[in-house]
Amino acid sequence: MRNYAEWLELIASNREVLWKAELTGWLHNIGKLHPYFFFPHLIPPGPGLDFRDCCDVSGQAVQASRYGDLLPQAHLREEFSLPSPFESTSIARALRYQKIENYDSSGNAQTKKKLPDLRATSRFDWLLAIAHDRVADLEKEIPEGKDPVPERDLAKGTIFGYEEIRNAKDIAEAWASLGATHDEQWTILLDRVKFLKLAGEHFSRFPAETRRPINDITLWDISSGVAAVLKATVARCLLEEKVPGPVAVMTTPGGWQAIDKRNDRAFRYRFLRVAVDGRSYLGRSHRIPDLLGRKERLKTLYDRIGEYFETTIWLGNEVYRDDQGPVFLCPVFSDGDETGEIVRKLVVAGLSECIAGTEAGREIAWQIQVSSPDSRGLGLGRLLRESAPGLVAPLENLEAWWRNKSGELCPVCGLRPMETVGRAGLQKVCSECHEGRMRRSVAWLQQVGGKGPSGTIWLDELADQHGRLSLLTAEFLLGPWLEPKGDPERSEISRSLFLSHTDEAGNEQEKPTPKMESFARTERVKRTALEFWTGLGEEIRHHLTKNKVRLALAPVGGQSLSHGHAYYLQNARLRLSVVWDSSRATFYTAENLEAACSRNKKKLDVLQGYLRDEPFRLLEQTGYGGADRTVAESIRFQLVTVLDGGYSSYIEIAKEPGRWQVLVPASEADDCARLIWKRYETQMAYVRDRFPIRIANISAPSSITLFTLVQAAWQMAAAPWREETWQVATAAECGETLIFENGARWHYPPLRNGKPDLYASYVRANLNDPEAKTSLASRVPMGASVALRTSTYDAEFLLAASDRFVIFYDAERKRRPGVRREFPIALEMFSRLEDAWKILSSGNQSGQLHQAYLFLRQKEEEWGFDEENGSAEHEQEWTSFQKWVLEELEWRILSKGTDQGKSTVRRPTPEEWTRLELAVKSRVLLPALEWHLKILKDTRAEPWHPVSSSVETTEVKES
């Protein structure tokens, strides 16, 4: 086996050839991007033409007269010589195993089957066939006699059943965009970075199969998986200088020799993770510029590691990434490599040098983690459960930073000594952290005043009109969907996704035929989750890009100030955050002007005039614990203008397959949560009982540190996932909707062809019993029990940093008794919570509602009522008491305008009373009061507008 130095030399001298070898994996199914593959009814008539011909981009079938030139055929046929033990080959020759010749010639398209062991002409072709088998074959295990019929409308499905229709025009455009001329195409193909960018754009847009239910795999899932497995397989053969046992056994009808695949199980694979505690690294940030700088440094680190594995050492492709590090698919070597020591030793030396050459690599510890060997490249979920190393910098770096220095520790990085002089000394941080902040501030200034809305990096500017902000965290329970069959948790893919629910005679089976776990299908799980967050981020960003404005303040006379530094303008009546732009000699506001106007009880035009007319002191913060320093005693402004374009009050902190985190104004957090839930109910409706989402909302004043918000979010994320059993109250309406006794409604939308989903819309009677009965949702009878992992909504308002320590959960996954029991609530109840508050606030002043809340909480504690363990009689008594309290409310609201001093009696309609009783029964009345009164500090009582003649309306003179 080659040593590390020999291996690097081999890679360096064969880099272009090795990329061509990897490229065959990416291109081996590219014919499926042709419109004729998706719409075989459009194929021009002609002898010997089948839609499977589209898979062959190397032979005579793909000609300009039939399909147009997708790839430069002449270049594909150019020979390239791989190092020993491989023979010379070409991309076109390697792709031939997809030719139509490999199918029998019976003429019956429904019975065509691939001939065994007749796919390869060389050792390299054989490895490509193995890679395809490992990744793609399990996607097509259709039960005998149940081969799905291709749909006329092309539907791209997700792993969870949601579909979108694509048309022939979209595919034709994607096909044509791969290049205008052969020379341009070949230039793109030879450039790995350009090709992967193009493939990522187009391959993920279309499915690799036109038939339901295997339209859940995209061309990207197949191609990226085959390329990763092929690369790992070839790397092992090159390192060991042998290909385990392929033997030429016969000649095919086409006249070429085939390779026996009997030894293909000799190849196994494992996942290798370069684990770092990126979550803690990001969470150490106290300000947005600190966080954005660390996020950028972490991305640079992961990109550098990816480049090292994929091109420098050419050992494996990256198949997963989150804040805790990138994951690569690597080979298992034949010489006793069960523990992964061979691959560790091979990569560790060069990896250490690679990581040490980055900013984040000098500040953070790392560790190599490997999964168990697997012949199909499964087991990622088990690797992701391993914890990352602690957030400790390498000792040699700490020694270098502190050599011949002393002083206090930098509060931002917690690693280097705090500077005592200069701008960094004034801010009481180290020089590296100060420079990182300045880079972010300068970059922000370059956006200000540009066309269209810009972003923000200031907590004060992100906050709402009351100076509050929210950290929204949404998480998926991803782990069980990445496990292989046989794992103690059992893969949800094989447990709850199905290929067929009927037998050949059309009768419903007791046990439906399951889909199989495969590398491509687990890849689809990750990409589906990531695409969900990407689309959600775009939707929320658009929602939060409102008509928010900044002011540009041009001072009288010159100013000798630091470019990009933040200051305060202050006098007896106003304090305003601003940033100095020396290139334009202008201050720009860095806080929400709605909050400034509300705080000073002035409209924006009045505030502008005030800024023009009054002198201000200019103050600068002096770091943690220090008083503000006066920079200038009296500054006046000759021009105060409103900038065009506005800004988006949205900052994305983290996005990975299992987790998404954003900062938004607190007043918008509820709307954002509703957008998340709406998108989830649309795209994950079929599997909501097995693929739950939980949303956590941490709200706080903008003066609180980002570090405190992130820590509170971690506390919520540490809660175990809730597992519950719900009783069906009403059987499925029209075969599509389940209604439960707690009032929750689960709607199962039809597929895009109008037919009901019969592949993913199943429910189980017991989550933990592999043999528990699994039923189509439309067949679940009234009174049946459905087991589920509950999607929840959790919330907290932090008045002080210490409030985060109250977030703890008991053994029942509820908030610890004595702290608060109302949250978390099931997300299905969130709309009911909002509905209850809307009714209550439209007929009561907030003071009365607050008293009612305190009264109910007091009685709850006095009676020792326990929602989890109380008897049915006790619960009924408590429900009746809550209804009585609601009935005894005064139900009046003060008038405004010219009728001030009067109140209008506004009792709920019978329909509204029914909805309030439902809120009481489903235990969301107290959460509704607590959320709006104690967390959101909602003091408004919405004006009442009559909705029915049954509403009693009386004017009462207030004393």
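A residue is taken as buried when its relative accessible area is under 20%, as exposed when that area is over 50%, and as partly exposed in between. Asp 323, with a relative accessible area of 11%, is therefore buried. This value, like those that follow, comes from a predicted model.

Asp 323 makes a convenient entry point, as its side chain meets that of Arg 659 in a salt bridge, with 2.5 Å from N to O. The two residues belong to distant parts of the chain, 336 residues apart: Arg 659 sits in strand 22, while Asp 323 occupies the loop between strand 8 (318-322) and strand 9 (325-331). Arg 659 is buried as well, because its relative accessible area is 5%.

Strand 22 leads on to the sheet. Here six strands are arranged in the order 21-22-11-23-30-31, forming an open sheet with mixed pairing. Strand 21 (651-656) and strand 31 (825-826) take the edge positions; each has a single partner strand, so one side of each lacks a neighbour in the sheet. Further in, strand 11 (residues 468-476) and strand 23 (residues 693-701) run antiparallel and are joined by nine bridges. One residue pair helps to place this register: Ser 470 has Ser 699 of strand 23 as its bridge partner.

Two helices pack on this sheet. Helix 24 (residues 669-683) touches strand 11, strand 22 (659-665), strand 23 and strand 30 (792-797), and its direction makes about 170° with that of strand 23. Helix 30 (residues 925-935) touches strand 23, strand 30 and strand 31, with its direction at about 30° to that of strand 30.

Helix 26 (residues 830-841) can be described on its own. From the first C-alpha to the last, its twelve residues reach 17 Å, close to the 16 Å expected at 1.5 Å a residue. Helix 26 is mostly covered, as nine of the twelve residues are buried. Among the buried residues are Phe 830, Leu 833, Trp 837, Ile 839 and Leu 840, and the charged-type names Arg 832 and Glu 834 appear on the list too.

Turning back to charged pairs, side chains of opposite charge can pair when their charged atoms come close. The model contains 47 salt bridges in total. One of them joins the side chains of Lys 526 and Glu 523 at 3.0 Å, N to O. Both residues lie in helix 21 (residues 519-544), three residues apart, or about one turn of the helix. Lys 526 and Glu 523 are both buried.

Another salt bridge brings together the side chains of Glu 724 and Arg 722, at 2.7 Å from N to O. Its two members fall into separate accessibility classes: Glu 724 is partly exposed, with a relative accessible area of 22%, whereas Arg 722 counts as buried at 10%. Elsewhere, salt bridges that share partners join Glu 22, Arg 192, Lys 231 and Glu 310 into one network.

The cysteines complete the survey. A disulfide is a covalent bond between the sulfur atoms of two cysteines. The count of disulfides in the model is zero. For Cys 413, the nearest cysteine sulfur is that of Cys 410, 3.8 Å away, and Cys 413 is in no disulfide; the cut-off is 2.5 Å between sulfur atoms. Cys 413 is buried, with a relative accessible area of 4%. Cys 330 is also buried, with a relative accessible area of 0%.

Definitions and conventions: Residues numbered from 1 in each chain as written. Predicted model: local features only at pLDDT ≥ 70, side-chain atom pairs only at ≥ 80, totals over all residues. Heavy atoms only, no water. Pairing = 2+ DSSP bridges. Helix = DSSP H or I, 4+ residues; strand = E, 2+ residues; numbered from the N terminus. Contact = heavy atoms within 4.5 Å. Axes fitted to C-alpha atoms, helices over the stretch in contact; angles between N-to-C directions. Expected span 1.5 Å × (residues − 1). Buried < 20%, exposed > 50% of the residue type's maximum accessible area, 1.4 Å probe, protein only. Salt bridge = Lys/Arg side-chain N within 4 Å of Asp/Glu carboxyl O.
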